[in-house]
Amino acid sequence: MLSDLQKRDLKHLWHPCSQMKDYEDFPPIEITGAEGTILQTEDGELIDIISSWWCKSLGHRHPKIQEAVKAQMDSFEHVILANTTNATIVRLCEELIALCPGYDKVFFADSGSDTVEVAMKMSLQYHLQSGSPEKKKFLALENGYHGETVLTLATGDCGLYGEPYRSLMPDVPKITAIPYVNSQQEWEDSQKVEEAWKGIEVQLNKFGSSVAGIVIEPVIQGAGGMLFYHPLLIKKLYDWCEKKGSHLIADEILSGMGRLGQARACELAGVNPHMSVFSKSLTGGFSPLACMLTSNDIFEAFYDDYETGKAFMHSNTYCGSAIGAAAAVASLGVYRDEDVFARVRENESYLLECFEEIHRNTGHLQNIRARGAIVAADLLVPEGLEKSRLGYEIYREAVKRGMLFRPLGNTLYFLPPLNTDKVVFERAVEIASASVKAILG
Ligand SMILES: Cc1ncc(COP(=O)(O)O)c(C=O)c1O
């Protein structure tokens, strides 16, 4: 039975990332409020175990972020960022540079996708203006995801999202045979990377000095199936880029700002990519602010008299919005004051245990893997059910039981707010176990 609101919704609202027909028998969930990890709905509470598309890193309605946003709104919400400045955005730049040593400059855009494109455009223009116009090719990793604009779809490797638009996309070759980490023991063993590197280097060398940049999701490839790889691979890619004068572009939109227990996943590899992109947890998920950090080396290639045409002309209307900047400054403050990143590192093994318990309860998980505040596993799919939408069926069961749990295909994962309490996880494990059992027995 559809409520009045659901009927009105379905009349006009075309939901993102949805086959709208699915809503005929499982209509959109009516949200009436949210606090911390909990969403209030017309039918009761739901645990937001996926941080609302991975962005609510400090949960919903965090009081310190709310307070900062309200205070900013009392002076102004947004003013064009070309030709103006303000205390909030300057403070944010200073804090980001302090948090990410090795960088000097911050460029703002609206969304994560926009900002990955910013980095790629900037890299291409840098090479044009630095005497290397032959560097035009971008490479990326298989199973990557970098957003929904045509260039970022081309850079990503998630067929479903990009396939219909293939005719518009430039060719961004994918580096294959990534040595994925499928169990916790493999974090200790970098040998798998050493062995895989020989093959990867051959693939890179094929493009040699034509490579403008390599775009990666460091350590965790989210939308591609919550696939982890060892940080040593980042170090090897960085060294290759340095040797060839190419750029390593780290898309830290998912991995950064504490999700893996550091400001940047690349810290795990001990390298500073030529550009790093942040969004999502940057504002604690309050507002669509995104930014790219880079160095003076790159900045200087754009710095000249206006008539030379060397300026970087990218602009998004709401880039660096003051509300987003206020939310970001407040979020960075909470990360620091509450030692959130350290807490993430301490909880990693607990999250792993959560999935081990789901497996003990159901017998249906394999490849259980965790890093920072992400734990994932693949369903052991019984014979004959290979073509079923098991993940989607489990999602529906979980919602009925009180959790927003959205498997990626047949990969189950928790990606909770970084400050989630253990009592919430206990309930999450019960709901996930019951939902898997309801579908797979
Ligand atoms: C690694 C990564 N890059 C880029 C994006 C795209 O960001 P946005 O949705 O803000 O455009 C996402 C979103 O999930 C992401 O996870």
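**View 1. Separation of the two domains in the predicted model.** The C-alpha centres of domain 1 and domain 2 lie 27 Å apart, and the contact between them draws on 31 residues from domain 1 and 33 residues from domain 2. Domain 1 is assembled from two stretches of the chain, 4-61 and 340-440, whereas domain 2 covers 63-337.

**View 2. The area buried between domain 1 and domain 2.** About 2800 Å² is buried between the two domains, and carbon and sulfur atoms account for 63% of this area. On the side of domain 1, Trp54, Phe341 and Arg371 together supply 27% of the area that this domain buries against domain 2, which is more than any other three residues supply.

**View 3. Polar contacts and salt bridges across the boundary.** Between domain 1 and domain 2 there are 13 residue pairs in polar contact, counting pairs in which both residues have pLDDT 80 or more, while the count of salt bridges between the two domains is zero.

**View 4. Elements of domain 1 that face domain 2.** Two or more residues on the touching side of domain 1 come from each of the helices α2 (51-54) and α12 (340-362) and from each of the strands β14 (365-371), β15 (374-379) and β17 (411-414). Helix α12 gives the most to this side, with six residues.

**View 5. Residue classes on the side of domain 1 that touches domain 2.** The residues of domain 1 on this side divide into 20 nonpolar, five polar and six charged, and the charged ones are shown in a setting where no salt bridge is counted between domain 1 and domain 2.

Methods
Residues numbered from 1 in each chain as written. Predicted model: local features only at pLDDT ≥ 70, side-chain atom pairs only at ≥ 80, totals over all residues. Heavy atoms only, no water. Domains from an automatic or database assignment. Contact = heavy atoms within 4.5 Å. Buried area = accessible area lost by both parts, 1.4 Å probe. Salt bridge = Lys/Arg side-chain N within 4 Å of Asp/Glu carboxyl O. Polar contact = N/O pair within 3.5 Å; in protein donor to acceptor, adjacent residues only side chain to side chain. Helix = DSSP H or I, 4+ residues; strand = E, 2+ residues; numbered from the N terminus. Nonpolar A, V, L, I, M, F, W, Y, C, P; charged D, E, K, R; others polar.
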